[in-house]
Amino acid sequence: MQANTNVKINDYASPVKPTWCAGCGDFAIWTAIKMALVELNIPPTEVVLCFDIGCNSNMADKINAYVFKGLHGRVIPVAAGIKLANQGLPVIAVGGDGGTFDEGMQHFVHAFRSNYDITLILHNNCDFGLTTGQATPTTPTGQKMNSSPFGVAEDRLNPTQLALTLNPSFVAKGFTGDLKQLVGLLKAAIEHKGFSYLEVLQHCPTYNQFMDQAWYKDRVYKVEENDTYDNTNLKLAYERAGDQLEKIATGILYQNKEKLNFYQRINHIKDQPDLVSNVEKKDISELLLEFK
Ligand SMILES: Cc1ncc(C[n+]2csc(CCOP(=O)(O)OP(=O)(O)O)c2C)c(N)n1
């Protein structure tokens, strides 16, 4: 990556205007991503943003950078592949709770096992937003939703606790009502050398009236405000992440800087600067003729 001392927020400006509902938490996450990249001095030409499907990932054309929009629930493997080919690039994956914890759950689990050197920004609005308010695994049990008129019957998933059982290297939680904290968490996640999981609690003003911005504001606290919090203590992080309803812990809950990432574990490539530089220019015109 080239040093660039002059990155400005307008470098990331796209002529496409957001279509999110008024009050949607996506606005704050969109802003925070751009602010974090600017503060890290990363120009739009030197980062790749990968998007899932959903309201969250409708951000893809509202940010001027290299972006890749994939299939619902499949943003993690797309981001991992890009990173493996070009390890000098910061790669950021953006997804929602529906895509990631329903269709894409297996990728979420394996990303921790592999410790791909990518960042996952998880918009948690506790519903399938774009398809009009069905329940996801993070919707509270008993909550009435468009697809669950009698209330959600299943237990609620705790994705943070799940992550903490998967020998993670970085697990953090932010809230769209605290932009300053969110930018700091994003910067730490992007700079982390391994799979960094940042869950962002957000309000969906149209389909989630039960956990709005004020509801979260009354409940969130920052773990770092307590001097005794030790974010290398996995057991402590798991304990704090247990409460999703009354006192909700935010901040870097857990970080292990020693865990080797995927690239470093593959002996025959770990010392090569970049796989992308190995790719030769090949003439594939004859091969293409076979598909005529
Ligand atoms: C494989 C697949 N399954 C389902 C859909 C339909 N679909 C499109 S957006 C969406 C909801 C997205 O919800 P979430 O991932 O939570 O993101 P949000 O819209 O809430 O930001 C669904 C179910 C799809 N496009 N592809």
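Colleague: What makes strand 1 and strand 2 a pair?

Modeller: In this predicted model, strand 1 (residues 48-51) and strand 2 (residues 66-69) share four bridges, in the parallel sense. Pairing takes at least two bridges. So the two strands count as paired. Within strand 2, V67 is the bridge partner of L49.

Colleague: How do you know that strand 1 pairs with strand 3?

Modeller: Again by bridges. Four of them join strand 1 to strand 3 (residues 91-96), and the two strands run parallel. The cut-off is at least two. Here L49 stands opposite I92 in strand 3.

Colleague: Why are strand 2 and strand 7 called edge strands?

Modeller: The sheet is open, has eight strands and runs in the order 2-1-3-4-6-5-8-7, with mixed pairing. Strand 2 and strand 7 (220-222) each pair on one side only. Neighbouring strands in this sheet are turned by 25° against each other on average, direction ignored.

Colleague: What makes strand 7 and strand 8 a pair?

Modeller: Three bridges, in the parallel sense, link strand 7 to strand 8 (residues 248-255). The definition asks for at least two. Y221 has A249 in strand 8 as its bridge partner.

Colleague: Why are helix 1 and helix 6 called oblique to each other?

Modeller: Helix 1 (residues 26-39) and helix 6 (residues 179-191) pack at about 55°, with axes 9 Å apart. Under 35 degrees would be roughly parallel, over 145 roughly antiparallel, and 65 to 115 roughly perpendicular; the rest is oblique. The angle of about 55° fits none of those three ranges, so the helices are oblique. Helix 1 passes helix 6 in a right-handed crossing.

Colleague: Which residues of helix 1 and helix 6 meet?

Modeller: From helix 1 come A28, T31, A32, I33, M35, A36 and E39. From helix 6 come L179, L182, V183, L186, K187 and I190. By class, this contact has ten nonpolar, one polar and two charged residues.

Colleague: What angle does helix 6 make with strand 5, and how does it rank?

Modeller: Helix 6 runs at about 160° to strand 5 (170-175). Over 145 counts as roughly antiparallel, so that label applies. Helix 8 (residues 234-241) lies across strand 5 and strand 8, at about 160° to strand 8. By that cut-off, helix 8 and strand 8 are roughly antiparallel too.

Colleague: Which residues are closest to the ligand?

Modeller: G54, H72, G96, G98 and G129 are the closest of the 20 residues around the ligand. By class, the shell holds five nonpolar, twelve polar and three charged residues. Helix 3 (residues 97-103) gives the most, with four residues.

Key: Residues are numbered from 1 along each chain as its sequence is written. This is a predicted model: local features need pLDDT of at least 70, side-chain atom pairs count only at pLDDT 80 or more; totals for chains, interfaces and linings use all residues. Axes are lines fitted to C-alpha atoms, for helices over the stretch in contact, and angles run from 0 to 180 degrees between N-to-C directions. A crossing is left-handed if the near helix is turned anticlockwise from the far one by less than a right angle, and right-handed if clockwise. Two residues are in contact if their C-beta atoms, placed from the backbone, lie within 7 Å. Ala, Val, Leu, Ile, Met, Phe, Trp, Tyr, Cys and Pro count as nonpolar, Asp, Glu, Lys and Arg as charged, and the others, Gly among them, as polar. A residue is near a molecule or strand if its C-beta atom, placed from the backbone, lies within 6 Å of it.
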